[in-house]
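User: I would like to go through this structure with you. Could you put it up so that we can discuss it?
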Amino acid sequence: MKKIRILCVGKASKPFCRDGINEYLKRLKSFYDVSVTEIPEQPTVRKECDELMRRMLGHDCVLLDIGGEMLSSEGFAKLIYDAHARSDEVTFVIGGASGVDGSVRQMCRRRVSFGAVTYPHQIARLLLAEQLYRAATILNRLPYHK
């Protein structure tokens, strides 16, 4: 089974985010082996990025980044399909409240934006979980996506 890994800074502590994330991750398990790795928030972005990079080594990574490429849901599904054609596992990276530095950006094959606005990282995680599920339904020709 293909794998999707979410690597992020901080915990999903807000109940409405945590519940939504868990719901979409549960749905995704029908399609992928999904895991979430949470990096504790650190006093500096540099320390968070050092820990992210340590866990990114050897992985095909996609960064959620406001400066990244904006994709349609179909384009996002193609990104996942293409990543899984190269490797059995793709890792999505979400930085902390203060973002990431250039070293993390350089380690990522792609950078994707969910819009020109800034989201709290917990909401970004919820959006990612929903878009991953939507992509899975697109790739499997299921009716969720409209």
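User: How do strands β1 and β4 pair, and over how many bridges?
Analyst: In this predicted model, β1 (residues 3–9) and β4 (residues 89–94) pair in the parallel sense, over six bridges. Within that pairing, Leu7 has Val93 of β4 as its bridge partner.

User: What is the strand order of the sheet?
Analyst: The order is β2-β1-β4-β3-β5, in an open sheet of five strands with parallel pairing. The edges are formed by β2 (33–39) and β5 (110–113), each of which pairs on one side only. From one strand to the next, the twist averages 30 degrees.

User: Which strands does helix α2 touch?
Analyst: Helix α2 (residues 45–56) packs on the sheet and touches β1, β2, β3 (60–70) and β4. The direction of α2 makes about 165 degrees with that of β1.

User: Moving to α5, is that helix largely enclosed or not?
Analyst: Of its 19 residues, 14 are buried, so α5 is largely enclosed by the rest of the structure.

User: And what span should α5 have, at 1.5 Å a residue?
Analyst: The 19 residues of α5 (residues 121–139) should span 27 Å, and the end C-alpha atoms are 26 Å apart, which agrees. Following α5 is Arg141, whose phi is positive, near 55 degrees.

User: Which residues have the most contacts inside the largest nonpolar core?
Analyst: That core has 30 residues, and those with the most contacts inside it are Leu28, Tyr32, Phe76, Ile80, Phe92, Leu128 and Leu132. At least two core residues come from each of β1, α1 (15–28), β3, α3 (73–86), β4 and α5. The most is given by α5, with seven residues.

User: What does Leu28 touch, leaving aside residues up to four places away in sequence?
Analyst: Leu28 touches Val34, Ala129, Leu132, Tyr133 and Ala136. There is also a second, separate core of 13 residues, which includes Leu7, Leu52, Met56 and Val100.

User: Changing topic, how many disulfides are there?
Analyst: The count comes to zero disulfides.

User: Why is Cys17 not in a bond?
Analyst: The closest cysteine sulfur to that of Cys17 is in Cys8, 12 Å away, which is too far for a bond, given that a disulfide requires the sulfur atoms to be within 2.5 Å. Cys17 counts as buried, at 0% relative accessibility.

User: What about Cys49: buried or exposed?
Analyst: Cys49 is buried, with a relative accessible area of 0%. The sulfur of Cys49 is 10 Å from the closest cysteine sulfur, in Cys108, so it is too far for a bond.

Notes:
Residues are numbered from 1 along each chain as its sequence is written. This is a predicted model: local features need pLDDT of at least 70, side-chain atom pairs count only at pLDDT 80 or more; totals for chains, interfaces and linings use all residues. Side-chain values use heavy atoms; hydrogens and water are left out. Two strands pair if DSSP finds at least two bridges between them. Helices (H or I, at least four residues) and strands (E, at least two) are DSSP runs, numbered from the N terminus. Axes are lines fitted to C-alpha atoms, for helices over the stretch in contact, and angles run from 0 to 180 degrees between N-to-C directions. Contact means heavy atoms within 4.5 Å. The expected span of a helix is 1.5 Å times one less than its number of residues. Buried means under 20% relative accessible area, exposed over 50%, partly exposed in between (1.4 Å probe, protein chains only). A nonpolar core is a set of buried Ala, Val, Leu, Ile, Met, Phe, Trp, Tyr and Cys residues joined through side-chain atoms within 4.5 Å.
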